[in-house]
Amino acid sequence: MHEPYKPIKFHPSKIATDLLEIQQCQIPRYLGLSGGVTYRLLCFCDASVKAFATVVYLQMISANTSICRLIPVFSKTRLVPTKQVSMPRLELLAVIIGVRSLHLVESQLKLKISEKNIMNRLTMCFTLDED
């Protein structure tokens, strides 16, 4: 025979304490491969008449094996301003948020990044150096 349903009792003070403790909780994310690994950040930028965007990928290349992983780690989208803006300028705005995104991702990952590349639809714009 089934037992009757028993309601769960919530205590507001306990919930408030738990919410404060959640802010201290951290979940580390594992993004690596085993052995010697080379890390690169790849940023793709694009623009259209309605929006411009960028996405940053972390590329991991294992020195021991031929394994290469590509993980999307960050993206940003913005709407085009209401005033008329040319397409080349929108492409440039996409590259600007791409550069900012690369710096943010690099500071947050705390990995030794060997290379940072920014690309648009057709070509590689440039490689960012440490200097």
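Student: In what order do the elements of the chain run from the N terminus on?
Tutor: Helices (H or I, at least four residues) and strands (E, at least two) are DSSP runs, numbered from the N terminus. The chain holds 2 helices and 5 strands. Starting at the N terminus, their order is α-β-β-β-α-β-β.

Student: What kind of model is this?
Tutor: Residues are numbered from 1 along each chain as its sequence is written, and side-chain values use heavy atoms, with hydrogens and water left out. Local features need pLDDT of at least 70, side-chain atom pairs count only at pLDDT 80 or more, and totals for chains, interfaces and linings use all residues; the model is predicted.

Student: What percentage of the residues in the chain is buried?
Tutor: A residue is buried under 20% relative accessible area, exposed over 50%, and partly exposed in between (1.4 Å probe, protein chains only). Of the 131 residues in the chain, the buried share is 27%.

Student: How much of the accessible surface belongs to carbon and sulfur atoms?
Tutor: Accessible areas come from the Shrake-Rupley method with a 1.4 Å probe, and for residues only the protein chains shown count as cover. The accessible surface of the chain is about 10100 Å², and the part that belongs to carbon and sulfur atoms is 59%.

Student: Which residues make a nonpolar surface patch?
Tutor: Patches use residues with over 30% relative accessible area and no salt bridge, joining like charges within 9 Å and nonpolar side chains (Val, Leu, Ile, Met, Phe, Trp, Tyr) within 5 Å. One member, Ile22, is in helix α1 (residues 12-22) and counts as exposed at 55% relative accessibility. The patch covers about 290 Å², and its makers are Ile15, Leu19 and Ile22.

Student: Which residues touch the most other members of the largest nonpolar core?
Tutor: A nonpolar core is a set of buried Ala, Val, Leu, Ile, Met, Phe, Trp, Tyr and Cys residues joined through side-chain atoms within 4.5 Å. The largest one has 21 residues, and those touching the most other members are Leu41 and Phe52.

Student: And which elements give two or more residues to this core?
Tutor: As a look at one core member, Phe52 has contacts (heavy atoms within 4.5 Å) that include Leu79, Leu90 and Ile97, leaving aside neighbours within four places in sequence. The elements giving two or more residues to the core are β1 (37-47), β2 (51-62), α2 and β4 (113-119).

Student: How far apart are the end C-alpha atoms of helix α2?
Tutor: The expected span of a helix is 1.5 Å times one less than its number of residues. For the 23 residues of α2 (residues 87-109) this gives 33 Å, which agrees with an end-to-end C-alpha distance of 32 Å.

Student: What is phi of Lys110 near?
Tutor: Lys110 follows α2 and sits in the loop between α2 and β4. It is exposed, with a relative accessible area of 67%. Its phi is positive, in a residue other than glycine, and near 55 degrees.

Student: Which residue forms a salt bridge with Glu106?
Tutor: A salt bridge is a side-chain nitrogen of Lys or Arg within 4 Å of a carboxyl oxygen of Asp or Glu, and by this rule the count is 1. Glu106 lies in helix α2 and its partner in strand β4, so the pair ties together parts that are 10 residues apart in sequence. Glu106 is buried at a relative accessible area of 18%, and the partner is buried at 4% relative accessibility. With its closest N and O atoms 3.0 Å apart, the pair joins Glu106 to Lys116.

Student: What distance separates the C-alpha atoms of Ala47 and Asn120?
Tutor: Ala47 is in strand β1 and counts as buried at 7% relative accessibility. Among the residues that Ala47 touches are Phe52 and Glu91. Ala47 and Asn120 are 73 residues apart along the chain, yet their C-alpha atoms are separated by 8.9 Å.

Student: Is Glu91 buried or exposed?
Tutor: Glu91 belongs to helix α2. Not counting residues up to four places away in sequence, Glu91 touches Asp46, Ala47, Asn120 and Arg121. Its relative accessibility is 16%, and therefore Glu91 counts as buried.

Student: What is the relative accessibility of Gln59?
Tutor: Gln59 is part of strand β2. Among the residues it touches, beyond four places away in sequence, are Tyr39, Leu42 and Cys68. Gln59 counts as buried because its relative accessibility is 13%.
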